[in-house]
Amino acid sequence: MSGFDFNKRDSFGSRLGVIAAAAGSAVGLGNIWRFPYVLGENGGGAFLLVYLLIVFAIGIPVMMSELVIGRRTNRNPVGAFKLLAPRKPWYLVGLMGVVSAFMILAFYTAVSGWTLEYMYQTVTGGLVDKSSDELAGMFHSFRAESLRPALWFVIFMLATSAIVLGGVRRGIETSTKIMMPLLFVILIIMCVRSLTLPGASEGLDFLFKPDFSKITGKAILMALGQVFFSLSIGMGTIITYGSYIQKDNNLANTAVQVSLIDTMVAVLAGVAIFPAVFAFGISPSSGESLTFIVLPGVFQQMAGGMFFSFMFFLLLALAALTSTISVLEVIVAYFSEQLGWSRKVSIMVATLSMFILGISASLSLGVMQNVKIFDLNIFDLLNNTTANILLPLGGLLIVAFLGWFFPSRDVRDELTNGGLLKARYYYLYRFVIKFIAPIAIALVFLNGIGIIKF
Ligand code: TRP
């Protein structure tokens, strides 16, 4: 029996609330931590170009499709597919999303914990007067030699669970509306400082001047994975949020606005980071430590730098929190609606099991670095498998489902709110989800892992 009750479901209160919550899910460490380091490792400007192309050609259509499925069914991803395609295996797409949610939450919450460490370091004076080498050493020893990553993980996980326990509307909507604009403002101040450092122009060239020889199959796959990760798509997060969206919301507008906000924040993070990377003589391919080494260096060069440092890491932690709650919500909606557990029990079970996976991920670059699967430590395994494989695969199946196996008239009905909106883009959208997006994802994927070669 499912404990599903149509009338008891929570929903978002206003249009701004919808955008705030979905953008809150999308904007986070993916933009400020993951985007810069993946771009730095995969060719700079050329990567950015491919990234932007994928946002428009694939990202936005996938997000619209998830919103359609979610709002049409009012259910969690598994329940949604069961309702739309009874007795067919499509619900496995939803189940794959729940598995991805576990994997993402584990390493993502671990990185969220790093933001707490940097707040702590700011307050205790650990970031003052440090050279880039010292900052790199500090980051390394924090992860390699202490148990603090696990401690911060636990604290962050408990905060996430507490908010999800508080309910969808109250918990998610209010905090996002205030915090996100603040983060945006601070990011712009940091861009200004970074751009006025001596030697900054080299960083701008790196970010905005594409060198087409850098566009390899692997770089395109990394860009695809980064788009899915950053927009929170391919896993059912947006299906779940879509299920809380009211019937008069214009879903296409929501998808476009959220994607634009998310992309803007990623580019701003790039502008805040790369000029400083070159000004300080750091390698742009420093990997997952990049943001955490470069930005403290920028704060040192600012008047009132430690104030900005504290505010920035606080806001980044909150941006991460609005993302972790959206991932946990997928798991909880599945447990409570499909398995019939109460939300409280669902949250408890999810949180406790997350401790095992998340603490392992937190320590997998230190105490547990010898635990390797496919030659990757647990952190990298979770990070790469979700972004580059599970999310694009999920996205492919979602658009293929709507494009090929679901009545076009129903999709249109949902996008036009029952005929009230015009949806002039509809035939273009339909063409994209039937052909462009699935074929492009499949080709990028096969090319990226080396099965076919252009
Ligand atoms: N998009 C978020 C970020 O960029 C992370 C995130 C939240 C996510 N929910 C997700 C990633 C679902 C993939 C799938 O920080």
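Here are some notes on the protein chain and the ligand it holds.

1. Keep in mind that this is a predicted model. The protein chain has 18 helices and 2 strands. Its radius of gyration is 21 Å, close to the 22 Å that the globule rule gives for 454 residues, so the chain is as compact as a globular protein of that length. If you want a feel for the dimensions, the C-alpha atoms fill a box of roughly 60 × 50 × 45 Å along the principal axes.

2. Where does the ligand sit? Look in the largest cavity. Five elements each give two or more residues to the shell around the ligand: α1 (15-26), α2 (29-41), α5 (91-123), α10 (217-231) and α14 (305-338).

3. Now for the neighbours. There are 17 residues around the ligand, and A26, G30, Y108, F229 and S232 come nearest. Sorted by class, the shell has 8 nonpolar and 9 polar residues, with no charged ones.

4. Which atoms should you check for polar contacts? Start with S232, where an N or O atom of the side chain is 2.9 Å from a nitrogen atom of the ligand. The backbone joins in too: a polar backbone atom of L29 is 3.2 Å from an oxygen atom of the ligand, and a polar backbone atom of S25 is 3.4 Å from a ligand nitrogen.

5. How much of the ligand's accessible area does the protein cover? On its own, the ligand has 360 Å² of accessible area, and the protein covers 100% of that.

Methods. Residues are numbered from 1 along each chain as its sequence is written. This is a predicted model: local features need pLDDT of at least 70, side-chain atom pairs count only at pLDDT 80 or more; totals for chains, interfaces and linings use all residues. Side-chain values use heavy atoms; hydrogens and water are left out. A residue is near a molecule or strand if one of its heavy atoms lies within 4 Å of it. A polar contact is a pair of N or O atoms within 3.5 Å; within protein, one must be able to donate a hydrogen and the other to accept it, and residues adjacent in sequence count only if both atoms are side-chain atoms. Accessible areas come from the Shrake-Rupley method with a 1.4 Å probe; for residues, only the protein chains shown count as cover. On a 1 Å grid over the protein atoms alone, a cavity is a set of points where a 1.4 Å probe fits but cannot get out, and a pocket is an open set with protein on both sides within 12 Å along at least five of seven lines; lining residues have an atom within 4 Å of a point. A molecule sits in a cavity or pocket if more than half of its atoms lie within 2 Å of its grid points. Helices (H or I, at least four residues) and strands (E, at least two) are DSSP runs, numbered from the N terminus. Ala, Val, Leu, Ile, Met, Phe, Trp, Tyr, Cys and Pro count as nonpolar, Asp, Glu, Lys and Arg as charged, and the others, Gly among them, as polar. The radius of gyration is taken over C-alpha atoms; the globule rule is 2.2 Å times the number of residues to the power 0.38.
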